[in-house]
Amino acid sequence: MANDSGQKVVLITGCSSGIGLRIAVTLARDEKKRYHVIATMRDLKKKDKLVEAAGDSYGKTLMLLPLDVCSDESVKQCFGHVKDRHIDILINNAGVGLMGPVESISIEEMKQVFETNFFGVVRMMKEVMPDMKKRRSGHIVVVSSVMGLQGVVFNDVYTASKFAMEGFCESMAVQLMKFNVRLSMIEPGPVHTEFETKMMENVAKMEYPGVDPDTVRYFKDVYLPSAIDVFEAMGQTPEDIAKCIKKVIESSSPRFRNLTNSLYTPIVALKYADETGGLSVNTFYNLLFNFGPLMHITMSILKCLTCSCLRRRTISPD
Ligand code: NAD
């Protein structure tokens with residue numbers, strides 16, 4: 001499974017920033033030059049940060065193509081530029097966030113999140129699957145989220161889009177295995193990227209039409225400060241996630257699910273420990289509404305404990 005020069009061809013979506021940019025650079029700068037990276041983004045005018053970070057590898061092991069995962073036309077055009085349409089590894093990274101009381105979010109905005117986070121991935125997989133299945137070889141990686149496994153209050157629609165993708169991929173993995181095509185989900189917790197900045201900017205602009213004052217207060221005064229605490233205490237870097245993805249694609253038996261932050265393992269385990277769902281719903285309720293101050297103190301302690309040297313140890317899988 002490689003191109004003429006023995007390199008694996010890797011196509012990555014959403015490479016103008018954050019995790020996508022970092023995976024593209026990490027693979028393109030691989031010491032043994034094992035990868036030919038096709039880094040894609042909607043608007044090539046936003047390529048500068050990637051090109052700068054790629055250094056010498058740009059034009060050698062890294063090339064750029066425009067790609068909007070929400071457009072059939074754009075996806076077709078992009079694959080038209082890929083030699084023999086041969087992709088060894090597809091990394092579905094492009095995604096958008098959405099946070100806030102559901103009453104203030106239009107159905108159109110919700111559909112846009114699903115269009116990117118769910119149908120964008122499906123569109124890409126449909127494009128690479130026929131060739132991978134024919135060659136009985138390939139690896140599809142999907143950047144999901146811890147929120148694809150556990151619902152989080154006021155992230156209802158984003159969570160739903162990631163759950164949808166988890167369900168789709170869990171089903172697809174079985175069929176693909178028959179064709180020796182691997183499928184791996186990457187499930188990060190909070191990661192410090194523009195994602196977080198963009199969501200906070202959107203929240204600042206929100207006017208909450210149709211939302212009762214109590215809900216607005218719970219969102220702004222209870223949820224948001226606690227979300228910021230969690231990001232500061234538990235947030236990983238895009239480099240952490242890129243390293244984790246590299247390990248997954250280089251593993252001889254890649255795992256289907258890959259939580260990148262082991263601090264989240266107990267949280268995800270809650271829902272499997274009680275099939276009625278009561279344990280996880282009550283725990284999250286208490287954490288937010290009853291133990292808010294305690295949670296703030298816990299997060300502050302965790303922030304001190306997970307200084308950068310310790311945080312590196314939380315990258316899984318090993
Ligand atoms: P980011 O905003 O820096 O990167 C997302 C990228 O996707 C951007 O470059 C954006 O331009 C691109 N994108 C959006 N819509 C697109 C489209 N229609 N076509 C092509 N590209 C498009 O944020 P990030 O944190 O690097 O996010 C990458 C992935 O990680 C997303 O799927 C996100 O859901 C997931 N994730 C992020 C976090 C986090 O806390 N940052 C946590 C868990 C999962």
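Which residues in helix 3 meet Arg123, Met124 and Glu127 in helix 4? Hold that thought, everyone, while I set the scene. This is a predicted model, where local features need pLDDT of at least 70, side-chain atom pairs count only at pLDDT 80 or more, and totals for chains, interfaces and linings use all residues. Residues are numbered from 1 along each chain as its sequence is written.

Now, the answer: Asp72, Val75 and Phe79 are the helix 3 residues, with contact meaning C-beta atoms, placed from the backbone, within 7 Å. Helices are DSSP runs of H or I, at least four residues, and strands are runs of E, at least two, numbered from the N terminus. By class, this contact has three nonpolar, no polar and three charged residues. (Ala, Val, Leu, Ile, Met, Phe, Trp, Tyr, Cys and Pro count as nonpolar, Asp, Glu, Lys and Arg as charged, and the others, Gly among them, as polar.)

Next, please look at helix 1, residues 18-28, and helix 8, residues 238-250: their axes come within 8 Å and cross at roughly 55°. Axes here are lines fitted to C-alpha atoms, for helices over the stretch in contact, with angles from 0 to 180 degrees between N-to-C directions. Helix 1 and helix 8 are therefore oblique to each other; under 35 degrees would be roughly parallel, over 145 roughly antiparallel, and 65 to 115 roughly perpendicular, with the rest oblique. Among the helix 1 residues meeting helix 8 are Ile19 and Ile23.

Finally, the strands. Strand 2, residues 35-41, runs parallel to strand 3, residues 62-66, and five bridges join them; pairing takes at least two DSSP bridges. Thr40 stands opposite Leu65 in strand 3. Thanks, all!

Notes:
Contact = placed C-beta atoms within 7 Å.
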